[in-house]
Amino acid sequence: MNFFLHATPIKTDKFIKYFYFSEIIYIALLSIAIGNGCLRACITALGAHQFQLPQQKSSLDRYFSAYYFFYYAGILMGKIFPSYVRSHVLLTPYCQQIGQCYTSVFILIASTIVLSWIIFLCGWSFYKRETP
């Protein structure tokens, strides 16, 4: 019944290797879910609370301009890079046999989300905190 977590045999010239890429894919999907559900939904509100209005209105406007520029640039790159990585970054012999590798796409997406969390958490001490 547990057919999702099985080792995939990959035949090479000299021996058979077993790769457990399903665990990597599940970790990547979990990272995507955490990144989309937790960080992206709250980042605009967290950023807006860092400014004192009306004194810093121009800084708030610059923040939202930069935020939406990088947000939509990320969406554009998210349409271009995964298809390139899927067809050109072949991590395993199995990927080389079929000519495409979705595992590398999931690893790319998960690593960028982890990188965004690291950047977010590095600035944690500089954020203005409000009591609920």
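## Overall architecture

Along its sequence, the protein chain follows the pattern β-β-α-α-α-α. The secondary structure therefore amounts to 4 helices and 2 strands, as assigned from DSSP runs. The model described here is predicted.

Of the 132 residues in the protein chain, 20% are buried. The accessible surface of the chain comes to about 10,000 Å², and carbon and sulfur atoms contribute 69% of that surface. Among contacts with a separation of 6 or more, 43% join residues that lie 24 or more positions apart.

## Helix H4

Helix H4 covers residues 102-122, a run of 21 residues. From its first C-alpha to its last, H4 reaches 30 Å, close to the 30 Å expected at 1.5 Å a residue.

Which residues of H4 are buried? They are Thr103, Ser104, Val105, Ala110, Ile113 and Phe120. An α-helix has 3.6 residues a turn, so residues three or four places apart point the same way.

## A nonpolar surface patch

A nonpolar patch on the surface is formed by Ile24, Val89, Leu91 and Ile107. Together, these four residues have about 270 Å² of accessible area.

One member of the patch, Ile107, is found in helix H4. Ile107 counts as partly exposed because its relative accessibility is 32%, a value that falls between the 20% limit for buried residues and the 50% limit for exposed ones. Ile107 is thus a point at which helix H4 contributes to the nonpolar patch.

Note on methods: Residues are numbered from 1 along each chain as its sequence is written. This is a predicted model: local features need pLDDT of at least 70, side-chain atom pairs count only at pLDDT 80 or more; totals for chains, interfaces and linings use all residues. Side-chain values use heavy atoms; hydrogens and water are left out. The expected span of a helix is 1.5 Å times one less than its number of residues. Buried means under 20% relative accessible area, exposed over 50%, partly exposed in between (1.4 Å probe, protein chains only). Patches are made of residues with over 30% relative accessible area and no salt bridge: like charges are joined within 9 Å, nonpolar side chains (Val, Leu, Ile, Met, Phe, Trp, Tyr) within 5 Å. Accessible areas come from the Shrake-Rupley method with a 1.4 Å probe; for residues, only the protein chains shown count as cover. A salt bridge is a side-chain nitrogen of Lys or Arg within 4 Å of a carboxyl oxygen of Asp or Glu. Contact means heavy atoms within 4.5 Å.
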